[in-house]
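Here is a small set of exercises to work through with the viewer open. Try each task yourself before reading its solution.

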Amino acid sequence: MRTEYYSPGLRVSRLMGLVAGGLLAIGSIASQAQAQQASGGGTYLVLPGVRSEFQFDQAHVQCKIGHTVMDDGTVLQMFMFSTSVDSVTIDSAAKTVSITGSMVSIVNLRLPDGTTANLSETVPYVAYGKDGGAPGSGADTFSLTVDYKDTPRLDQFDLFGSPATFAGIVVTGAVTIR
């Protein structure tokens with residue numbers, strides 16, 4: 001009596017070939033999905049003389065103004081960081097990325113009369129980056145648009161309006177889209 005591994009319509013060797021082929025196809029799809037990458041970091045000018053630092057990838061966005069003095073003498077520091085990333089859209093042909101989600105926006109003010117104000121709120125955001133080629137400095141752009149809420153108290157809406165866009169040409173660093 002002869003014993004064979006038997007499956008209706010399929011031999012074991014054929015089944016193994018199909019499984020191996022399927023694994024190769026899945027691996028190829030996964031590597032294609034991983035091929036699209038977007039990241040960036042560096043500085044840009046949101047206003048003449050006001051330098052902002054930024055960093056982003058597909059899982060996190062942050063932006064800050066370490067220190068600036070406004071026209072009325074108010075000292076401003078700002079830090080924004082994502083608490084969620086809801087969507088990432090990468091256009092490899094146009095070399096752009098758009099990232100949406102929620103972030104915390106914190107502003108610390110030292111007013112000319114010596115008083116201080118610390119403002120914080122969670123806001124929806126859209127971060128946008130464009131890879132203008134090598135080198136990134138002078139060719140790439142970054143922007144961050146947030147929607148601030150208007151309240152009866154002093155708030156970030158009073159400082160920046162809403163929606164507020166912080167944007168500029170990358171001075172140092174780069175935006176990389178693949």
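The exercises below go from the overall fold to the core and then to the pockets, and they concern a predicted model.

**Exercise 1. Describe the fold: how many helices and strands are there, and in what order do they come?**

Step 1. Start by counting elements: the protein has 2 helices and 8 strands.

Step 2. Now walk along the sequence, and the order reads α-β-β-β-β-β-β-β-α-β.

Step 3. Next, look at contacts between residues at least 6 apart in sequence: 50% of them join residues at least 24 apart.

**Exercise 2. Work out what share of the residues is buried, and what the exposed surface is made of.**

Step 1. Take buried to mean under 20% relative accessible area. By that cut-off, 30% of the 178 residues are buried.

Step 2. Turn to the outside: about 10500 Å² is exposed, and carbon and sulfur atoms supply 58% of that area.

**Exercise 3. Find the largest nonpolar core and the strands that build it.**

Step 1. A useful starting point is that nonpolar side chains in soluble globular proteins tend to be buried together.

Step 2. In this model the largest such core holds 32 residues, and Phe56, Met80, Leu144, Val146 and Phe166 have the most contacts inside it.

Step 3. Assign the core to elements: at least two residues come from each of β1 (38-47), β2 (50-57), β3 (60-69), β4 (75-91), β5 (96-110), β6 (116-130), β7 (141-146) and β8 (164-177).

Step 4. Zoom in on Phe166. Leaving out residues up to four places away in sequence, its contacts include Tyr44, Val46, Met78, Met80, Leu144, Val146 and Phe160.

**Exercise 4. Characterise the largest pocket: what is its volume, and which residues are closest to its centre?**

Step 1. The volume comes to about 300 Å³.

Step 2. There are 15 lining residues, and Val46, Leu47, Val50, Met70 and Phe160 are the closest to the centre.

Step 3. By element, β1, β3, α2 (156-160) and β8 each give two or more residues to this lining.

Step 4. Sorted by class, the lining has 12 nonpolar, 2 polar and 1 charged residues.

**Exercise 5. Do the same for the second largest pocket: what is its volume, and which residues line it?**

Step 1. Here the volume is about 150 Å³.

Step 2. Among the lining residues are Asn118, Glu121, Lys149, Arg153, Asp155 and Gln156.

Step 3. The element that gives the most to this lining is β6, with 4 residues.

Step 4. The class count is 2 nonpolar, 4 polar and 4 charged.

Key:
Residues are numbered from 1 along each chain as its sequence is written. This is a predicted model: local features need pLDDT of at least 70, side-chain atom pairs count only at pLDDT 80 or more; totals for chains, interfaces and linings use all residues. Side-chain values use heavy atoms; hydrogens and water are left out. A nonpolar core is a set of buried Ala, Val, Leu, Ile, Met, Phe, Trp, Tyr and Cys residues joined through side-chain atoms within 4.5 Å. Buried means under 20% relative accessible area, exposed over 50%, partly exposed in between (1.4 Å probe, protein chains only). Contact means heavy atoms within 4.5 Å. Accessible areas come from the Shrake-Rupley method with a 1.4 Å probe; for residues, only the protein chains shown count as cover. On a 1 Å grid over the protein atoms alone, a cavity is a set of points where a 1.4 Å probe fits but cannot get out, and a pocket is an open set with protein on both sides within 12 Å along at least five of seven lines; lining residues have an atom within 4 Å of a point. Grid points are joined across faces, edges and corners, and a volume is the space filled by probe spheres set on the points. Ala, Val, Leu, Ile, Met, Phe, Trp, Tyr, Cys and Pro count as nonpolar, Asp, Glu, Lys and Arg as charged, and the others, Gly among them, as polar.
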